[in-house]
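Here is a walk through a model you can turn around on your screen as you read. We'll start with how the chains relate, then go to the strands and the helices.

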2 protein chains.
Amino acid sequence: MILTVTLNAALDVTYGISGELTPHRTHRVRTVATHAGGKGINVARVLHSLGDDVIATGLLGGRTGAQVQAQLDNEGVPNAFVAIESETRRTVVITDASGATGLWEAGPAVTAAEWAEFGRRFGELVQSAEVVVLSGSLPPGVPGAAYADLLGLARAAGIPAVLDTDGEALRFGIAARPDLVKPNAAELATLVGGTVDGVADSVRAGEIALALGAYAIAVSLGVAGVVLITAAGSLHASLPQPIAGNPTGAGDACTAALARTVGQPWRERLIDAVALSAASVPTPAAGMVDLATYRDIRGQISVEEC
Amino acid sequence: MILTVTLNAALDVTYGISGELTPHRTHRVRTVATHAGGKGINVARVLHSLGDDVIATGLLGGRTGAQVQAQLDNEGVPNAFVAIESETRRTVVITDASGATGLWEAGPAVTAAEWAEFGRRFGELVQSAEVVVLSGSLPPGVPGAAYADLLGLARAAGIPAVLDTDGEALRFGIAARPDLVKPNAAELATLVGGTVDGVADSVRAGEIALALGAYAIAVSLGVAGVVLITAAGSLHASLPQPIAGNPTGAGDACTAALARTVGQPWRERLIDAVALSAASVPTPAAGMVDLATYRDIRGQISVEEC
């Protein structure tokens, strides 16, 4: 079983409007779509759609938390969330004629007792896991070293872990020696300083990140593919040409591929990571993949040492 | 008792962000505030804060409807809503460094059976009302002539009615001969055609609106005050200078004043309408009024024939 952790789950709300979003005007919302969201939940939805044995855990609270839970139950995604008092956040994405504008709520205030309860639940769940995925931001109240704590529990149980987070949570988490960290270019740049633009920058920055504690770094570069950095060397996997569509959730599909292929050779894992990321692009929302694209595209992916 | 009707109630959500809203970027939401909303609910909250006997009715559904209900109960605003299956809408207002951007959901899909049930409930409630206030937009599924139907029931019970709506709902409603209609300049312009800018335009357009069926038209002109048009002549009430603050909800405060003063001389009612509108401006949200401002400002309001 793959265990995905989403400490800052969300109800993702997408508002479709006509024309262009214009600041300081009022807009009628033409369409409203809601999805269970948060990066770990997106990873779980992708894995579930591939038929993998997965459990989504994390924290859910209030009416919005109940809505997230109902959506997961509806889709049949196995889940075991810890209930909290404060309300789960929403994200609002406004799609207009030419793009998407995001509004990210910070998330619920989690108490120390709730965080301790989550630690206990995670400690139980991890015993029957083969891989753990720790994804996304931390809600207020959860300690900055939260992922380091969970990585310690996974390590004690002998379970490999994939970490996909940002900022302070990544800085603390990487020091706890995760098996694999999956930043995008901006997240990696924030971690090591400077800018990260393209394959050579990714390798340079990834080597610094290895020194901070990770065993392997997989940098997702959008249409430029994925760069892997380990102590044994670096690989770059990419598609001959980009796929048209909505890139939201491609990073979570990449993480899902890296989690489900633990134990396989890195070349195979990277091909899977690029293929599954690409398969998320033709779909309308994060956490979805197009299975036909996934199958068709694997043969087109090249992997080179770099 | 004053009965306010809100067929398209809302949970009003205000997102505070740093800097400026920039289309096609992602923004972190710094503050989240939620209020029970919808124009009739705003009117009821104003009347309740003045100590008036009021009941808010209308339609509420789903988890968002339950949140609106909980907020009203919390504030002690008496209410008697009819439950519907579909989810009550949200409005999202994004406040940035220099203004507010609104996103208005259309509202729940109301079934014919639910609308019939509301007609029965309204027919009962109106028996113990002294005034009825019909405010805001109609949700999908409610017939365009909804306000005309409710005005007919109020007329049959001998209860005066104030109508504050827009577009098709106003066009149908005004034909049912409401005692008073309170459009703003834009709503009046849409009703009679052409543009409405200032006092003279309001009088000209208001006379056309009288011919469409209303007994009286009170046009709210924001900082320029209120213009009343009746068959007996026209009056303009205004403040010597505008008040700084947030004008959202000033129109609903104006409607509340016009409802609570039914039976008083028009000059007094207009002074109250301008004073209560102004008293809403220093407050952070629609449905709130500053009682000290309300008291202090009444003596400064001038009323002139026009």
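By what turn, and with what shift along the axis, can chain B be laid on chain A? The turn is 180° and the shift along the axis is 0.0 Å, with an RMSD of 0.0 Å. That is the relation of a two-fold axis. Keep in mind that what you're looking at is a predicted model. If you want a landmark for the axis, go to B:Arg63: of the residues of chain B, this one comes closest to the rotation axis, with its C-alpha at 3.3 Å.

**Where the chains meet**

Now for the contact between the two copies. Chain B puts in 23 residues, and chain A puts in 23 residues. On the chain B side, the elements that give two or more residues are β3 (26-37), α2 (62-75), β6 (89-96) and β7 (99-105). The largest share of that side comes from β7(B), with seven residues. Sorted by class, the chain B side has 11 nonpolar, seven polar and five charged residues. And 100% of the interface residues of chain B are also interface residues in chain A, so the copies meet through the same surface.

**A barrel built from both chains**

Which strands make up the closed barrel, and in what order do they run? There are eight, in the order β2(A)-β3(A)-β7(B)-β6(B)-β2(B)-β3(B)-β7(A)-β6(A), and the pairing is mixed. From one strand to the next, the twist averages 35°.

As a reminder, strands of a sheet pair through backbone hydrogen bonds, and they can do so parallel or antiparallel. This barrel gives you examples of each. Across the chains, strand β7 of chain A (residues 99-105) runs parallel to β3(B), and four bridges join them. To find that seam, look for A:Glu105, whose bridge partner in β3(B) is B:Val29.

Inside chain A, β6(A) (residues 89-96) pairs with β7(A) in the antiparallel sense, over six bridges. Here A:Val93 has A:Gly102 of β7(A) as its bridge partner. Inside chain B, β2(B) (residues 10-17) runs antiparallel to β3(B), with eight bridges between them. One pair to click on there is B:Leu11 with its bridge partner B:Ala36 in β3(B).

**Helices packing on helices**

Next come three helix pairs, listed here with their angles and axis distances.

| Helix pair | Angle between axes | Axis distance |
|---|---|---|
| α4(B) (146-156) and α5(B) (167-174) | about 35° | 7 Å apart |
| α1(B) (39-49) and α8(B) (250-260) | roughly 60° | within 8 Å |
| α8(A) (250-260) and α9(A) (266-280) | about 145° | 7 Å apart |

Let's take α4(B) and α5(B) to begin with. The crossing is right-handed. From α4(B) come B:Ala146, B:Tyr147, B:Ala148 and B:Leu151, and they meet B:Ala169, B:Phe172 and B:Gly173 of α5(B). By class, that contact has six nonpolar residues, one polar and no charged.

Then there's α1(B) against α8(B), whose axes cross at roughly 60°. That angle makes α1(B) oblique to α8(B). This crossing is right-handed. On the α1(B) side the contact uses B:Lys39, B:Asn42, B:Val43, B:Val46 and B:Leu47, while α8(B) brings B:Asp252, B:Ala253, B:Thr255, B:Ala256, B:Ala259 and B:Arg260. How many charged residues sit in this contact of α1(B) with α8(B)? Three, together with six nonpolar and two polar.

Over in chain A, α8(A) passes α9(A) in a right-handed crossing. The α8(A) residues in this contact are A:Ala250, A:Ala253, A:Cys254, A:Ala256, A:Ala257 and A:Leu258. They meet A:Arg269, A:Asp272, A:Ala273, A:Leu276, A:Ser277, A:Ala279 and A:Ser280 of α9(A). The class count for α8(A) with α9(A) is nine nonpolar, two polar and two charged.

**Pulling it together**

Back to the overall view: a 180° turn lays chain B on chain A, and strands from both chains run through the closed barrel of eight.

How values were computed. Residues numbered from 1 in each chain as written. Chains lettered and ligands numbered in written order. Predicted model: local features only at pLDDT ≥ 70, side-chain atom pairs only at ≥ 80, totals over all residues. Least-squares fit on C-alpha atoms with pLDDT ≥ 70 in both. Contact = placed C-beta atoms within 7 Å. Nonpolar A, V, L, I, M, F, W, Y, C, P; charged D, E, K, R; others polar. Pairing = 2+ DSSP bridges. Axes fitted to C-alpha atoms, helices over the stretch in contact; angles between N-to-C directions. Left-handed = near helix turned anticlockwise from the far one by under 90°. Parallel < 35°, antiparallel > 145°, perpendicular 65-115°, else oblique.
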